[in-house]
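Please look over the sequence and the fold shown here before reading on. The paragraphs afterwards lead from the confidence of the model to its helices, strands and cores.

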Amino acid sequence: MAVYAAHLTRTLQGTPSVFQITAQEALGATVKPALRKLVEYLASVYPKNKWSERWYDELYLLIDCCLQYHYLKHYAASFSECFYGLMRVPLTSSNEFSTGHRLPVPLEKGSLALLVLLPYFRDKVEKIVNQWREDNEDGRLGKSKSDKARKAAVHLYSIAHLVSEAAKLIILARYLTGSSPCPSPPLLLLGLTLTNAPPPEPEENTWSDLARNLFKGNIGSAMITFPMVWGAMAGAVQWGAFFVQFLRWWETRPGLTMDSLPSPPPPIREEKSVRYTNKCPVCLQSWKVPTVLPVSGYIFCYSCIARHLRANQTCPVTMLPATERSLVRLYIDT
């Protein structure tokens, strides 16, 4: 009877809003780049830890696997889903009554694989394809069979990425209109959906009880339990990830774009700019796909400046802050 009541509670919680769905996806996508920045900073400060930067993807895979397994096992949700008060439930209730609030083991393992392994291999493939794309733009891919295969792989990946994004949009639109209970392709593949999680059970000992006992002088009644410590750590991780997401939004909000700032006076011509006449300041060769960086006015090869901005976010000549989005393609005879 209790398990049946739990099933009814999970079913009648209500359908999560699209805001909750998209917000938890955005939060999940924020953690990895934020930790990468932290690892890169630590590697620059402590050169002996350069290995952590080189093996960051594998280190994050291990950490993410442990984190997601904990949340799937105890909350039937991923890390980001739990933060927004969501949980995963099977579309069919045949196996649900024997597991209570936990997912069936096959669905738990499938969820872990799609949450951890799929993004890892996708990032690896995307990194390789981006390298081949840059080689193709630089003209380093010839007419050999291997180079033709790389060009074909770049085109196939672009098509697959377009189809994947279109499928996500269609499934989300069907979820929005009520035609489908699944808001994303991985959940549809596993036969799962999201619902609002039931309120957590009250704990026997809380931090407020600890503070109250200490304030009253009841030292013997004041105690710190493992659930209290673990709950505080989990809350710190969740709110830390949310704060990082807020900082990323703050950096990219429209009010901070270069276009909103007043136009500065034209810079004084530097002597070193003479050696960059009709050549890329990065590779010191004639331009290939000439592209101007408006913040400094220098013209680069597109692949050279795009690669540099992705790694440093500054102009390689003037060191002024810049992003890849500010690049402007020039159609000039070279």
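What follows is a guided reading of this predicted model.

Residues are numbered from 1 along each chain as its sequence is written, and side-chain values use heavy atoms, with hydrogens and water left out. Because the model is predicted, local features need pLDDT of at least 70 and side-chain atom pairs count only at pLDDT 80 or more, whereas totals for chains, interfaces and linings use all residues.

Confidence comes before the details. The mean pLDDT of the protein is 79, and 71% of its residues reach 70 or more; pLDDT is the predictor's confidence in each residue, from 0 to 100. Among the elements, helix H1 (residues 2–11) has the lowest mean value, 38, and H8 has the highest, 92. Over residues 1–13 the pLDDT is below 50, and this stretch has 20 contacts in the model beyond near neighbours in sequence, a contact being heavy atoms within 4.5 Å. Residues 95–99 also stay under 50, with nine contacts in the model beyond four places in sequence. Helices (H or I, at least four residues) and strands (E, at least two) are DSSP runs, numbered from the N terminus.

Two of the helices can be checked by their span, for which the expected value is 1.5 Å times one less than the number of residues. Helix H2, with 28 residues, reaches 42 Å from its first C-alpha to its last, close to the 40 Å expected. The buried residues of H2 include Gln20, Ile21, Leu27, Val31 and Val39, where buried means under 20% relative accessible area, exposed over 50%, and partly exposed in between (1.4 Å probe, protein chains only). For helix H7 (residues 145–177), the end C-alpha atoms are 48 Å apart, which agrees with the 48 Å that its 33 residues should span. In H7, Asp147, Val154, Tyr157, Ile171 and Tyr175 are buried, and the buried residues of this helix pack against H2, H6 and H8. Just after H7, Gly178 takes a positive phi of about 85°.

Helix H4 (residues 56–75) offers a contrast between two of its residues. Leu62 has its place in this helix and is exposed, with a relative accessible area of 56%. The C-alpha atoms of Leu62 and Val116 are separated by 8.9 Å, although these residues are 54 apart along the chain. Gln68 is also found in H4, but at 9% relative accessibility Gln68 counts as buried. Leaving aside residues up to four places away in sequence, Gln68 touches Ser78, Phe79, Leu112, Leu115 and Val116.

Strands E1 and E2 pair in the antiparallel sense over five bridges; two strands count as paired if DSSP finds at least two bridges between them. Met87 stands opposite Thr195 in E2, while the bridge partner of Leu86 is Asn196. In a regular strand the side chains alternate between the two faces of the sheet. In E1, Leu86, Arg88 and Pro90 point one way and Met87 and Val89 the other, and all are buried. Both faces of E2 are covered as well, with Leu192, Leu194 and Asn196 buried on one side and Thr193 and Thr195 on the other.

These strands also contribute to the largest nonpolar core, which has 20 residues; Ile21, Leu72, Tyr84, Leu86, Leu103, Leu192 and Leu194 touch the most other members. Such a core is a set of buried Ala, Val, Leu, Ile, Met, Phe, Trp, Tyr and Cys residues joined through side-chain atoms within 4.5 Å. Helices H2 (18–45), H6 (105–137) and H8 (185–190) and strands E1 (86–90) and E2 (192–196) are the elements that give two or more residues to this core, and H6 gives the most, with four. Apart from it lies another core, of 15 residues, among them Tyr276, Leu293, Val317 and Leu327.

A further sheet is open and has three strands in the order E4-E3-E5, with antiparallel pairing. Strands E4 (299–301) and E5 (328–329) stand at the edges, each with a single partner strand, so one side of each is left without a neighbour in the sheet. Three bridges join strand E3 (residues 290–292) to E4, and Thr291 stands opposite Phe300 in E4. Helix H11 (residues 302–312) packs on this sheet, touching E3 and E4, and its direction makes about 95° with that of E4. Here axes are lines fitted to C-alpha atoms, for helices over the stretch in contact, and angles run from 0 to 180 degrees between N-to-C directions.
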